[in-house]
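Work through these exercises with the model open. Try each task before you read its solution.

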Amino acid sequence: MAEGDNKSANLLAQETSQLEEQLQGWGEVILAGDQVLRWEKPWYPGVLVGATTILFMLVYFLDPSVLTGLSCTVMILCLADYLVPTLAPRVFGSNKWTTEQQQRFHEICGNLVKTQRRVLGWWKRLFALKEEKPKMYFLSVISSLVAVAWIGQQVHNLFLTYLIVSFLLLLPGLNQHGIITKYAGMAKREINKLLKQKEKKNE
């Protein structure tokens, strides 16, 4: 068991190191983005929501076709991939990195690798469910897709995408400041109260 854990830890460290090398040119931008996403300053949530709102308002008013939107997105990504590694050191000054910044960059890359592993694990479990319990897999997938289709029909797709993107951008900060844990705990206590009241009535 210990040998398997060591092998997994070594593999994780290797993948993290490889990702650090790949993202080295983006290091300064990633650290700056991390500070914003974790709300290191109280006005960062407003910046996130404001920037997201402006972007989606621009898309709404321009109303580009799917092909145009996809082409523009890929073009922006290509330009960023070319320009960011060149301009970022000049803007942020990579020679000023501290040990703390390097450690934080290492943690971010490690978290990205772990997230990738979780997603792949969920994907594998889904296919395992398909093989082991095809009826349950079929019902689960169809029910989920029907629910998503119904929600998409009730809410404008651009507005729904805006809400999802805003929530995902705010999620790291909500988690960092314990807001999710706080309200999840409150919801859990309320549910437990309701269950206890129901049990008393049944008695």
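**Exercise 1.** What span should the 20 residues of helix H7 (residues 157-176) have at 1.5 Å a residue, and how far apart are its end C-alpha atoms?

*Solution.* Note that this is a predicted model. The expected span is 1.5 Å times one less than the number of residues. For H7 that gives 28 Å. The end C-alpha atoms lie 29 Å apart, so the two values agree.

**Exercise 2.** Find the kink in H7, then list the buried residues of this helix.

*Solution.* Go to Leu-170: H7 kinks there by about 40°. The proline Pro-172 follows shortly after. Next, check burial. Leu-170 is itself buried. So are Leu-158, Tyr-162, Ser-166, Gly-173 and Leu-174. Finally, step just past the helix: Gly-178 has a positive phi of about 75°.

**Exercise 3.** How do the axes of H5 (residues 99-132) and H6 (residues 134-154) cross?

*Solution.* The two axes come within 5 Å and cross at roughly 125°. An angle from 65 to 115 degrees would be roughly perpendicular, and one over 145 roughly antiparallel. The crossing fits neither class, so H5 is oblique to H6. On the H5 side, Leu-126, Leu-129, Lys-130, Glu-131 and Glu-132 make the contact. H6 contributes Pro-134, Met-136 and Tyr-137.

**Exercise 4.** How many disulfides are there?

*Solution.* Two cysteine sulfur atoms must be within 2.5 Å. The count is zero. Take Cys-72: its nearest cysteine sulfur belongs to Cys-78, 12 Å away. Now compare exposure. Cys-72 has 33% relative accessibility, so it counts as partly exposed. Cys-109, at 0%, is buried.

Definitions and conventions. Residues are numbered from 1 along each chain as its sequence is written. This is a predicted model: local features need pLDDT of at least 70, side-chain atom pairs count only at pLDDT 80 or more; totals for chains, interfaces and linings use all residues. Side-chain values use heavy atoms; hydrogens and water are left out. Helices (H or I, at least four residues) and strands (E, at least two) are DSSP runs, numbered from the N terminus. The bend at a residue is the angle between axes fitted to the seven residues ending there and the seven starting there. Buried means under 20% relative accessible area, exposed over 50%, partly exposed in between (1.4 Å probe, protein chains only). Axes are lines fitted to C-alpha atoms, for helices over the stretch in contact, and angles run from 0 to 180 degrees between N-to-C directions. Angles under 35 degrees count as roughly parallel, over 145 as roughly antiparallel, 65 to 115 as roughly perpendicular and the rest as oblique. Contact means heavy atoms within 4.5 Å.
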